[in-house]
Amino acid sequence: MSLREAASNLVGWVDYRLPIVKTWKTHMSEYYAPKNFNFWYFFGVLALVVFANQVLSGIWLTMFYVPTAEEAFKSIEYIMRDVSSGWAIRYMHEVGASFFFIVIYLHIFRGLLYGSYQRPRELIWIFGMFIYCLMMVEGFLGYVLPYGNMSYWGAKVILNLVGAIPIIGEGLQIWVQGDFVVGSATLGRFFALHVALVPLILIVGIFLHIVALHQVGSNNPEGIDIKAHVDADGNPLDGIPFHPYYTISDLTPVVIFLILFFACVFYFPGGGGYFIEPPNYLPADKLSTPEHIAPVWYFTPFYAMLRSVTIDSFGLDAKVWGLIIVSGAMLVLFFLPWLDRSAVLSMRYKGWPSKIMLMLFAVSFVFLGVLGAKPADWAPAWVAPALTTIYFAYFLAMPVYTKLEKTKPVPGRIGAKSG
Amino acid sequence: MSKSGGDGTNSGRRMFLSGTTSTLFAMGAMGLATPYVQSWNPSTRARAAGAPIEIDLSKIPEGSLHVEEWRGKPIYIVKRTKTMLESLEKAADKLRDPDSEDEQQPHYAKNKNRSRIPAILVVEGICTHLGCTPKYRAGQADDEFWGFFCPCHGSRFDLAGRVYKGVPAPTNLKVPPHYYADEGTLIVGNEERETT
């Protein structure tokens, strides 16, 4: 019996007991993806690459990190100075966190650009938003763990925010932090959540995101439904099997991404004070607040919205209103598939109101991010509320402008000339 | 007695069994959740560390700031002089909440001096803006600013911990629960019985 035969027998033996061949076909070799994927379609695969990096480097960090108020910062110094290659593992994890968000923000923008959230991909979008929210929780928990001074004060500001919830807030805050102050009890649970519970839920979320995608099929820059034109075998004429075509072609962006990533890991690990903020090179000090408290960059748009409310109104504190606005900003994302009433998916065929609104939205989000990273008095007080208004207008006015605008006719096939 | 389906199944019994089992499972789930939820509360050790503290007032000089720590928070204690108490009246129109309407103090400290004993101020030394620790300012000259000044974002509080108008801090400094065991002993972290 040749080696080839033996291998094929083994596959047969397993396949009888576990549907490996069918799974491979459904998700790889016979998963037909549109042939016209462009630059924006790299970020899904890249997100998986970063996620794998986070899991691997994270597991290694748990081998050396100690989650107590006395030891946490020292154990990070130990990793950086004494553990062989410890610095590389920590920097991969820390730069990886920021790169994860860069990739995810571009991935989400792709969705907005080509209507990837529209029918029939609503569930994919919802799972995706669920993953995004979990990532923010994961990022926050992880940022507290080194127990630098910004970790400590960041945790304090966020936990005080929990305390600002009317009636139940104060008790909830003490329950979450596990002590009357942020300390060992807080670190212990944040560590457990960061390394076990949240990643487990994230994996389930990612699994559902991909299974739901493969059920309905990928969208494409044209927003054309490739399943509408199939060959004699029922395979889309404008589709190509994911494997080998996209598995091979995705290798190039992955390599370019890894070059950029490791350039950062080796030469720019602090991200110019944005990946690790300068106060975090000092241990947590409950008697000295950093001059200027700002969250890590990927939270800053929401932080700017939080701060944008400065007036108490309707019997509620400004802080509580800030909380309501930020929760609303997150919540509205989940309803996007039902806010868009357009008959077409891709921005290429949507009307100019959609194009302008998406542009305004992207600009407002980026500028909110800039504002959130700066001190509160850096820009005039009206700027943050104005940008927050644009953010919400993009969503809340969407049923109107997508319904009323004039769209271009969508060709039936990819590559065909329209009109 | 009970409804039966065409194929001989007893659907009433089915409903009853599914209903009771699911109810029991739900109750069991709640029971199971209890230790998980409770374990997040402050542990006995943390509660012991957060126990009330005792302060001997006789050792505190008049007019200067004395700092104690309770539950990881700085507690500011000032034996206010007569001039200091008079300064409280003068500041009133510059304050955001001169009458302590916000629930930032126990009811027994909701008075013009925000204290149980008129002269003695007991407040948490945590700025109500972002939690920095305000600095004590009580100089000699009468026209100078007297009170607490937060170096982080410039919030100002008077010598009763009341916040000034036009500063980032939204509310007065918090008064922790406290009482006097006897004339010279202050207990912070607990409230005595109402009547003595």
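Into which domains is chain A divided? Chain A of this predicted model is divided into domain 1, covering residues 24–270, and domain 2, covering residues 299–404. This report describes chain A as a whole, then its domains, a helix pair, one loop residue and the contact with chain B.

**Chain A as a whole**

Chain A contains 17 helices and two strands. Its C-alpha atoms occupy a box of roughly 75 × 65 × 40 Å along the principal axes. For 419 residues, a compact globule would be expected to have a radius of gyration near 22 Å, and the 24 Å of chain A agrees with this. Of the 419 residues in chain A, 37% are buried. When contacts in chain A between residues at least 6 apart in sequence are considered, 76% of them join residues at least 24 apart.

**Domains of the two chains**

Chain B also has a domain assignment, with domain 1 at 1–41 and domain 2 at 52–188. The table sets out the bounds and the separation of the C-alpha centres for each chain.

| Chain | Domain 1 | Domain 2 | Distance between domain centres |
|---|---|---|---|
| Chain A | residues 24–270 | residues 299–404 | 23 Å |
| Chain B | residues 1–41 | residues 52–188 | 57 Å |

Within chain A, 21 residues of domain 1 are in contact with 19 residues of domain 2. On the side of domain 1 of chain A that touches domain 2 of chain A, helices α5 (86–114) and α6 (122–144) each supply at least two residues. The largest share of that side comes from α6(A), with six residues. By class, this side of domain 1 of chain A has 15 nonpolar, four polar and two charged residues.

**A helix pair in chain A**

Helix α12 (residues 300–308) of chain A packs against helix α13 (residues 318–334) of chain A at an angle of about 145°, and the two axes are 7 Å apart. The crossing of α12(A) and α13(A) is right-handed. On the α12(A) side, the contact is made by Phe302(A), Met305(A), Leu306(A) and Arg307(A). The α13(A) side brings Gly322(A), Ile325(A), Val326(A) and Ala329(A) to the contact. By class, the contact of α12(A) with α13(A) has six nonpolar residues, one polar residue and one charged residue.

**Leu345(A), a loop residue**

Leu345(A) is located in the loop between α14 (336–339) and α15 (352–373) of chain A. Is Leu345(A) buried or exposed? A residue counts as buried if 20 or more other C-beta atoms lie within 10 Å of its own. Leu345(A) has 25 other C-beta atoms within 10 Å and is therefore buried. Leaving aside residues up to four places away in sequence, Leu345(A) touches Tyr114(A), Gly115(A), Gln118(A), Asn219(A) and Gly223(A). From Ala212(A), Leu345(A) is 133 residues away in sequence and 18 Å away in space, C-alpha to C-alpha.

**The contact between chain A and chain B**

The contact of the two chains takes 16 residues from chain A and 14 residues from chain B. On the side of chain A that touches chain B, the elements giving two or more residues are α7 (149–163), α8 (169–177) and α9 (184–216) of chain A. Of these, α7(A) gives the most, with three residues. By class, the side of chain A that touches chain B has nine nonpolar, three polar and four charged residues.

Notes. Residues are numbered from 1 along each chain as its sequence is written. Chains are lettered from A and ligands numbered from 1 in the order in which they are written. This is a predicted model: local features need pLDDT of at least 70, side-chain atom pairs count only at pLDDT 80 or more; totals for chains, interfaces and linings use all residues. Helices (H or I, at least four residues) and strands (E, at least two) are DSSP runs, numbered from the N terminus. The radius of gyration is taken over C-alpha atoms; the globule rule is 2.2 Å times the number of residues to the power 0.38. A residue is buried if 20 or more other C-beta atoms lie within 10 Å of its own, exposed if 12 or fewer, and partly exposed in between; C-beta atoms are placed from the backbone. Two residues are in contact if their C-beta atoms, placed from the backbone, lie within 7 Å. Ala, Val, Leu, Ile, Met, Phe, Trp, Tyr, Cys and Pro count as nonpolar, Asp, Glu, Lys and Arg as charged, and the others, Gly among them, as polar. Axes are lines fitted to C-alpha atoms, for helices over the stretch in contact, and angles run from 0 to 180 degrees between N-to-C directions. A crossing is left-handed if the near helix is turned anticlockwise from the far one by less than a right angle, and right-handed if clockwise. Domain bounds come from an automatic or database domain assignment.
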